[in-house]
Amino acid sequence: MNTTASQFHIFPGAVHIHTTFSDGTGNIDQITKAAKKAGLKWVIITDHNNTDIEEGFYNGICVIKGEEISPEASDHYIALDIKNTIIPDKGIKNSVHEVRNQGGFGYAAHPDESDTRKNNASPICWTDKSVIPDGIEIWNWFSDWADNYDSSNIFKIAYAYFFKHKIIKGPHTETLKWWDDLSKVYPCILAIGGVDAHALKISKYLIPVTIFPYKDMFNTIVNYFILEESVPESFEEQKNLILNLLKRGKNIIINRAVKNIYPLIYKNDNYLTVKLFCRAEIRIIHNGDIIFQKRTDNLSYELEPDKKYRIEIYLNNTSWLYTNFISL
Ligand SMILES: [Zn+2]
Ligand SMILES: [Zn+2]
């Protein structure tokens with residue numbers, strides 16, 4: 001493949017969004033207007049135990065429905081491409097199997113929320129790591145915020161709300177280790193980044209406000225594809241394209257709040273090319289180990305056959321970008 005940067009199409013979208021069909025406060029019109037303003041092209045709605053949303057184009061945004069299968073206290077599972085709503089009361093193993101039985105695929109949602117939070121929100125984790133999901137939500141914006149939200153005094157509370165991006169830390173080390181360990185055994189464990197957008201409304205301490213409006217959330221953790229061909233026009237074709245690319249682990253996870261650009265990452269013969277458009281620290285991970293690390297804006301790295309690599313990129317020591325596994 002001979003490629004130049006200009007021939008690529010960037011196709012960004014957001015995953016893990018709640019609407020009024022569960023505990024979100026927005027309807028599909030409001031959500032897609034927000035997505036459009038944020039420059040996204042597609043969204044995946046994942047209401048808790050509900051798939052009532054109608055798919056299609058809204059405000060020019062491709063809306064796909066999934067479900068966040070949500071038992072009360074643990075083991076949330078983001079199910080995509082399923083035919084019927086899955087009831088969460090039969091346990092974690094059943095959720096994973098039922099999604100596969102329906103021809104879909106899923107991601108363990110926010111699997112390692114912190115149990116040392118300094119606030120009242122109870123962590124919701126993946127409690128049995130012997131149950132292997134198809135994929136893992138390696139980075140969930142709202143979980144990351146809640147893990148690092150300190151509500152012990154009014155100043156810390158105010159800081160967490162007004163400087164919300166400053167308390168975001170990046171994927172949990174345990175989550176990345178679980179993903180790397182599974183990937184040594186299983187050929188393809190997928191990864192996704194979620195916003196977990198609710199646009200919650202509060203009136204405590206302040207006048208009533210929507211905290212974390214959808215548009216703000218869509219400017220945080222998104223997934224994007226780098227396409228060599230332009231995007232098809234019909235809804236069914238776009239939906240199939242997005243789901244197939246996710247299923248093949250082609251999405252790149254980026255926190256746009258760190259820097260709002262989409263680096264180009266692609267294979268060119270035996271080489272992996274990374275074009276960042278700014279200097280940042282690129283780490284290449286193989287079998288859970290960092291095998292290459294460099295601060296640069298442009299990298300060409302020779303790939304060896306039969307090896308799986310993934311890339312992490314940090315900007316000013318802040319977690320910024322994560323790829324799925326890449327191989328020749
Ligand atoms: Zn959840
Ligand atoms: Zn959720």
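**Helix α7 and the nonpolar core**

Helix α7 (residues 235-247) contains 13 residues and spans 18 Å from its first C-alpha to its last, close to the 18 Å expected at 1.5 Å a residue (the expected span being 1.5 Å times one less than the number of residues). Helices (H or I, at least four residues) and strands (E, at least two) are DSSP runs, numbered from the N terminus. The model is predicted: local features need pLDDT of at least 70 and side-chain atom pairs count only at pLDDT 80 or more, while totals for chains, interfaces and linings use all residues. Residues are numbered from 1 along each chain as its sequence is written, and chains are lettered from A and ligands numbered from 1 in the order in which they are written.

Lys-239, Ile-242 and Leu-246 are the buried residues of α7 (20 or more other C-beta atoms within 10 Å of the residue's own, against 12 or fewer for exposed and in between for partly exposed, with C-beta atoms placed from the backbone). Seen down the axis of α7, these buried residues fall within an arc of 65°, so they line one face of the helix; the arc is that of the directions from the helix axis to the C-beta atoms. The face turned away from the buried side carries the exposed residues Glu-236, Glu-237 and Asn-244. Just after α7, Gly-249 takes a positive phi of about 65°.

Turning to the core, the largest nonpolar core has 81 residues, of which Ala-14, Ala-35, Leu-40, Val-43, Val-195, Phe-218 and Ile-253 touch the most other members (such a core is a set of buried Ala, Val, Leu, Ile, Met, Phe, Trp, Tyr and Cys residues joined through C-beta atoms within 7 Å). Strand β14 (residues 271-286) supplies its largest share, seven residues.
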